[in-house]
Amino acid sequence: MRYITTPIYYVNDVAHIGHAYTTIIADTFARFYRLKGHETYFLTGTDEHGQKIEQAAKLKNFTPKEYADEISAEFKKLWDEFDISYDKFIRTTDENHTLSVQKAFSKMFEKGDIYKGVYEGFYCVSCESYFTQTQLVNGCHCPDCGKKTELLKEESYFFKLSNYQDKILKWYKEQEPIIPKNKASELINFVEGGLKDLSITRTSFEWGVKLPKELNDDKHVVYVWLDALMNYISALGWGNDGQNMKFWPAHIHFVGKDILRFHAVYWPAFLMSLELPLPKFIAAHGWWTKDGEKMSKSKGNVISPKEVVDIFGLESFRYFLLREVPFGNDGDYSQKALITRINAELSNELGNLLNRIIGMSAKYSQNIIESKNVQEFFNEELKECQAYLQNAISFLENIQPNRYLEELFKALALANLSISKYEPWNLIKNNENAKANALVALCANILAKVSILLFAAMPKTSLKIAKALSFEISTLNYKKIIEENKLLNFKTQICEVLFPKIESKEENKQESKQQEQQTTNLAQIKIDDFKKIEIKVALVKECENIEGSEKLLKFKLELENGEIRQVLSGIAKFYKANELIGKQVCVITNLKKAKIFGHESQGMILSAEKNGKLTLISPESFIENGALIG
């Protein structure tokens, strides 16, 4: 059994890159364990109670529930668009969750772990936390977020956190549940400093879970952290039908480092009080900055994960987040770093290898790849590959996703280097066909093995590779190909380019500038100059938008004798791609090749533009493709 969770995200704002990072990591582990054959349950959701939500809703003239409904729906929609493979999306406003929280409160109260008293302290609404005078910054500001606190005194129910100090320390030392390990020492120091009983109810606002009816104390609502943390077992049915409690205890709780203390101190104490097993691991990741600066709304540098994905694609985004930073460290997002990863690793190592395998198999063996001679010629390379794969698995299971991807790409590099080292084209030339075909089979098997393990991080890419090589990514094949180290035979088929190279903005600007200069130079010409221009009629066979560009359309044009020419044109704001298929256009066919936005263009489609309106120039009636205009 494997139970993987994200924290439930607070509905005071839209999802940012930190939310996406946690969720994608958790999704990666859930997919990995399912692939290995473990029965897996993956939970995410939203945290919807508390004073902040009550206040934010009031500012927008919403009820708290209406406000929570709107923001929660945005989170769920984004995770669905990102193909996050959660089994349950929980909301703390769900009725079953409310019942579980009330049941837990009653059980702790009956046990004597909850008592009524009065709390006085400096309260930070933003952090939902109380602080002592000595903890404040400059006498009144929250030590965590820097906002001004309020001195509050109110009646409260308290949880006897102090009773569990020694048990929590024993858990840290015997089970080593905190990842990364350097965070454990911080927690040990905090707990050894002495745990004070925890205020777990509020009377200063109403938006929260009410106390159990048998306590007859309606003015109290359950403090947001007891309420929120209970989601991990309420989602499994604890306190209700208990339908999925077989998945408890959690295998990994993924959290941000800012909420580690709540998960590694309060949560185990609550579980001990309820006499439930403790989670195996609590894994805390770092924060993300942008171009070396902390993200903030005031700076306008908060990264929208959807905007990045819309430009660069989901698979590239997943790869970047998992690969860029060691788990537990802070990471820095920059578009330049993302583009570098795409071009140097995803395009050069991964996509290029697939293209080479397909090309060689078509040329040498009619798209059939047989592995019967691989061990004879390339046994050392197979052993080296297997070592990389075992390292990758070990790193992932020890929650080091960046190292897992690093090892997989070492295996890809091995395949690419083997092609350069053994030069299959020369092997064929020297009549060493068996060795050449065995080399292609070596590379195909390395790519297949890598794609199976890469599936957890980049599922869509892995499935495309599997389709191109005609094998299936499954638990059965994981056992056969990864665990038993079996080799496959393949039948290759044409596949779209996985990761087209992305040109930087500077390069694109330079290309645009050059094109402008070329246009300017054509302002005044002689008839002899015009005769140099070749304009022909072409049929639009295919047309599609260029990912990451608002202006460009990519055309596949048919000229005479079935010749197909790729041409890019900046008319996407005026025409929809699918409307142009089957239309005839006029194109300059002897224009020097250009590379625009990472795509080759060989020609220029003619159009006329005036007063913001653009019209393609086309023949009045259908004429034979390739007809010369002059």
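The following exchange discusses a predicted model of a protein chain.

Biologist: Into which domains is the protein chain divided, and what distance separates the centres of domain 1 and domain 3?

Modeller: The chain is divided into domain 1, made of residues 2-113 + 160-286, domain 2 at 343-491, and domain 3 at 527-629. Taken over C-alpha atoms, the centres of domain 1 and domain 3 are separated by 56 Å.

Biologist: Is helix 1 largely enclosed or exposed, and why?

Modeller: Helix 1 covers residues 17-36 and reaches 28 Å from its first C-alpha to its last, close to the 28 Å expected at 1.5 Å a residue. A residue counts as buried when its relative accessible area is under 20%. Because 19 of the 20 residues of helix 1 are buried, the rest of the structure leaves this helix largely enclosed.

Biologist: Which residue follows helix 1, and what is the sign of its phi?

Modeller: The residue that follows helix 1 is Gly37. Its phi, near 100°, is positive.

Biologist: In the open sheet of three strands, which residue of strand 16 is the bridge partner of Thr289?

Modeller: The strands of this open sheet are ordered 15-14-16 with mixed pairing, and its edge strands are strand 15 (293-294) and strand 16 (331-333). Strand 14, residues 288-290, pairs with strand 16 in the parallel sense over three bridges. Within strand 16, the bridge partner of Thr289 is Asp332.

Biologist: What percentage of the residues of the protein chain count as buried?

Modeller: The C-alpha trace spans about 95 × 70 × 45 Å along its principal axes, and the chain has 21 helices and 28 strands. Of its 630 residues, the share that count as buried is 54%.

Note on methods:
Residues are numbered from 1 along each chain as its sequence is written. This is a predicted model: local features need pLDDT of at least 70, side-chain atom pairs count only at pLDDT 80 or more; totals for chains, interfaces and linings use all residues. Side-chain values use heavy atoms; hydrogens and water are left out. Domain bounds come from an automatic or database domain assignment. Two strands pair if DSSP finds at least two bridges between them. Helices (H or I, at least four residues) and strands (E, at least two) are DSSP runs, numbered from the N terminus. The expected span of a helix is 1.5 Å times one less than its number of residues. Buried means under 20% relative accessible area, exposed over 50%, partly exposed in between (1.4 Å probe, protein chains only).
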